[in-house]
Amino acid sequence: QVQLVESGGGLVQAGGSLRLTCIASGRTFTNDAMGWFRQAPGKEREFVATITWNVGSTYYADAVKGRFTISRNNAKNTVYLQMNNLKPEDTAVYYCAANLGGTRVNAITVVDVWGQGTQVTVSS
């Protein structure tokens, strides 16, 4: 019943910025958590960032700390990923993810719902 829809991906030069948006539908999030993963061709899906819905605690993968910022609008059931100083190694399909029990979404094993993904391509 819960669905996640991502948007905001595209092509950008190294050093540029993009802002991804994920909108959840089907229910109002309260005791939940949302996050972002990414997957490059031939590689496993990896954790990027997560945020809890109650107190807004955030966690980031080491590779994106200081460059990416996750935030949310509880009333809109929406999570954002602001990506600054993008690097070619950030190129991947980015997936929104949700855990409906409040567990921070930092591993594939705790994901209850996946979005369809949005492509981010960073050129040199």
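In which sense, and over how many bridges, do S4 and strand S5 pair? In this predicted model, S4 and S5 (residues 46-52) run antiparallel to one another, and six bridges join them. One of the contacts along this pairing links arginine 38 to glutamate 46, its bridge partner in S5. The two strands form a hairpin with six residues between them, and within that hairpin glycine 42 adopts a positive phi near 80°.

Strand S4 also has a partner in strand S9 (residues 92-99), again in the antiparallel sense, here over seven bridges. In this pairing, glutamine 39 lies opposite valine 93 of S9. Turning to burial, strand S4 (residues 33-39) has six of its seven residues buried, so the strand is largely enclosed by the rest of the structure.

Two asparagines in loops are also worth a look. Most residues other than glycine have a negative phi. Asparagine 77, however, has a positive phi near 50°. This residue sits in the loop that connects strand S7 (68-73) with strand S8 (78-83). Is asparagine 77 buried or exposed? With a relative accessible area of 6%, asparagine 77 is buried, because the cut-off for burial is under 20%.

Asparagine 85 likewise takes a positive phi near 50°, and its place is in the loop between S8 and S9. The relative accessibility of asparagine 85 is 43%, so this residue counts as partly exposed, a class that spans the values between the 20% and 50% cut-offs.

Definitions and conventions:
Residues are numbered from 1 along each chain as its sequence is written. This is a predicted model: local features need pLDDT of at least 70, side-chain atom pairs count only at pLDDT 80 or more; totals for chains, interfaces and linings use all residues. Side-chain values use heavy atoms; hydrogens and water are left out. Buried means under 20% relative accessible area, exposed over 50%, partly exposed in between (1.4 Å probe, protein chains only). Helices (H or I, at least four residues) and strands (E, at least two) are DSSP runs, numbered from the N terminus. Two strands pair if DSSP finds at least two bridges between them.
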